[in-house]
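Please read the sequence and the model shown here side by side. The explanation below moves through them step by step.

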Amino acid sequence: MCGIVGYVGHQPVFPILMKGLQRLEYRGYDSTGVAILNGDLKIYKQKGKVKALGKFVEGKAVEGTTGMGHTRWATHGAPNNINAHPHTSGNGKLALIHNGIIENYAVLKKELEGRGHVFQTETDTEVLVHFIEEIQTLIKAPLEQAVRIALQGVIGAYAIVVASIDEPGRLVAARKSSPLVVGIGEGEYFLASDATPIIEHTRKVVYLKDEEMAVLDLNEGLTIKTIDNQIQTPVVEELMWNLEMLEKGGYDHFMLKEINEQSKSIHDSMRGRLNIDKNLIMLGGIKDYEQKLVNAKRIIIVACGTSWHAGLVGEYLFEDLARIPVEVEYASEFRYRNPIINEDDVVIAISQSGETADTLAALELAKSKGATILGICNVVGSTISRVTDAGIYTHAGPEIGVASTKAFTAQLTILTLMALRLAQQKGTIPEARYHQLLTELEQIPTKVEQALKLEEQLEFIAGEFKDVHHFLYLGRGYNFPVALEGALKLKEISYIHAEGYPAAEMKHGPIALIDEQMPVVVMATNESAYEKIVSNIQEVKARGGRIIAITTEKDTIIEGLAEFVVKIPETAEPLTPILSTIPLQLLAYHIALMRGCNVDQPRNLAKSVTVE
Ligand code: G6P
């Protein structure tokens, strides 16, 4: 949801900004822009991706060692050259980039227009840079002070970087509800929405906290203050990810790389947590809150998108194994519907990025009502991981493809570990079953490896269906959320309309859609609902629908019923979603590829949604 990057140092700034923007492109790709401070302010911006800007800037002056860059996911104003960031003040002395939304921009704009300001763009951001200029004009304040005063009059979310012609070698940055990381190099400083543009320059980072400002100055170094001017001691942390993890590693797309990494990422998410010899699960991150969970009257899971689907699987796991009632909520609905939250509730946020605005707000609401709040996040140091009482990292490694794949299966793995641990603590699972599930879980990475070998078959099936307009995904029990996730994956990257449904619910509506053109993906791996799923397949078949069945290696019945049968390895039912998701990811990937879609950066989407 907009990516921002900044640099102050001795190296040429332009290549640093461009490389950084490429890494942040997953956050938005409607337009790209840079501002370079070098005696004057040079601003270059273009609709489209970083590549388009690179072409536009060819042959133009880019000298300078201080600057900022922005990749946009449009909220206010169309994605065109004019609305692209950076935005400038009326006197042309200030440049500003912004990730977030200034909610009271209309009021501010009106006021500023009354004072003679003329706006060039439709954005909320331009209002902020004019506001800072107005404060400087009125009280002759240096940039830092003017930014601070302006932010006190702003309602909304922001991560901003501002530069002034009058203050060379200096960037002023601030954040509220949108992430911002400072990188500390040798006599140079970096700023970025996440650590990915920083990692190739330095491993030392400071995660700015909410309502903090950072001043990066070539001579004076780094200063961190709160927006109300209290000096803060920077907490310098060491980045764990390395550069290789951010590259495509020989794959055509990040999504394919990430799909193929799942055996390893699942293994990594279990590492040090599952000890099969001792028959033990240890979840150090939530150790101090384990009793809270064991005694919880209810668990509420809040999340968005794919993470919400993981939450639904979590509901089946916690209820089935640990017998704890669970509610799974879209964070965006939960936060606004006056939910009943009690002090003995445990609210778990699931988020790959750890930055999703709605999930964060839902957590804050739960916290204000006294609930215990926990997080399952992938990005270490992310906002959600910081505001929660405790949490578990998924350790799936950086996920760059906008459509989530390995983060999802890592989330499922963590939820399984949690459910099993709680079940054992509560005594809701027989010892033999517990041991069997632990053993199965340990084998999951190997089975994922086997499932990935189905790629060729799925590529073939993709060729059969690449031109259809609709898809239906059906599943029962543990596979119902997988059906939702499969449909979401296809929608996101191929732009084919797809719906996921509980298989039995099909009779109450979607069955009307079925004709000879309609492909129906049926998840038929669960032991407990097998016969029922077979009946559902018959119902689709009777209406001419084309069936792609995801079933297991031992299956013999469905072979005779479905047009295509994809066989994944056998596992225990609660673990099925981790495996049954994989063919659906591969199917979506190949269909999107055959349709010529941009798999890693689907239109209109962003990986990290930091606006509500
Ligand atoms: C966006 C992404 C999805 C993701 C969702 C939630 O919509 O495109 O892939 O599932 O946000 O993100 P989170 O980082 O909170 O898991």
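The paragraphs that follow take up the ligand and its surroundings, then one helix, then the nonpolar cores.

The model is predicted, and this should be kept in mind for every value given here. A good place to begin is the ligand, which has 14 residues around it, and of these Ser-307, Ser-351, Gln-352, Ser-353 and Thr-356 come nearest. Three of the side chains can be followed to oxygen atoms of the ligand: a polar side-chain atom of Thr-356 lies 2.4 Å from one such oxygen, a polar side-chain atom of Ser-307 lies 2.5 Å from a ligand oxygen, and an N or O atom in the side chain of Ser-353 is 2.6 Å from an oxygen atom of the ligand. On its own the ligand has 390 Å² of accessible area, and the protein covers 90% of that area. By character, the residues of the shell around the ligand divide into 8 polar, 4 nonpolar and 2 charged, while by position the largest share of the shell, 3 residues, comes from helix 9, which runs over residues 305–322.

From the ligand, the reader may turn to helix 5, which spans residues 143–152 and is largely enclosed by the rest of the structure, because 7 of its 10 residues are buried. The buried residues of this helix are Leu-143, Glu-144, Ala-146, Val-147, Arg-148, Ala-150 and Leu-151. What do these buried residues pack against? Their partners are one helix, helix 4 (124–139), together with strand 6 (94–102), strand 7 (156–164), strand 8 (170–176), strand 12 (212–217) and strand 13 (221–226).

Within helix 5, Arg-148 deserves a separate look. Is Arg-148 buried or exposed? Its relative accessibility is 12%, and because a residue under 20% is classed as buried, Arg-148 counts as buried. When its neighbours within four places in sequence are left aside, Arg-148 is in contact with Met-213, Lys-225, Thr-226, Ile-227, Asp-228 and Asn-229.

The last step leads to the nonpolar cores. The largest of them holds 92 residues, and Phe-318, Ile-348, Met-418, Phe-471 and Tyr-473 are the members that touch the most other members. If residues up to four places away in sequence are not counted, Tyr-473 touches Ala-483, Gly-486, Ala-487, Leu-490, Ala-498, Glu-499, Gly-500, Tyr-501, Val-521, Leu-584 and Leu-587. Apart from this largest core lies another core, of 30 residues, and among them are Leu-21, Ile-198, Tyr-207 and Leu-239.

Notes: Residues numbered from 1 in each chain as written. Predicted model: local features only at pLDDT ≥ 70, side-chain atom pairs only at ≥ 80, totals over all residues. Heavy atoms only, no water. Near = heavy atom within 4 Å. Polar contact = N/O pair within 3.5 Å; in protein donor to acceptor, adjacent residues only side chain to side chain. Areas by Shrake-Rupley, 256 points an atom, 1.4 Å probe, with all protein chains shown as cover. Helix = DSSP H or I, 4+ residues; strand = E, 2+ residues; numbered from the N terminus. Nonpolar A, V, L, I, M, F, W, Y, C, P; charged D, E, K, R; others polar. Buried < 20%, exposed > 50% of the residue type's maximum accessible area, 1.4 Å probe, protein only. Contact = heavy atoms within 4.5 Å. Core = buried A, V, L, I, M, F, W, Y, C linked by side-chain atoms within 4.5 Å.
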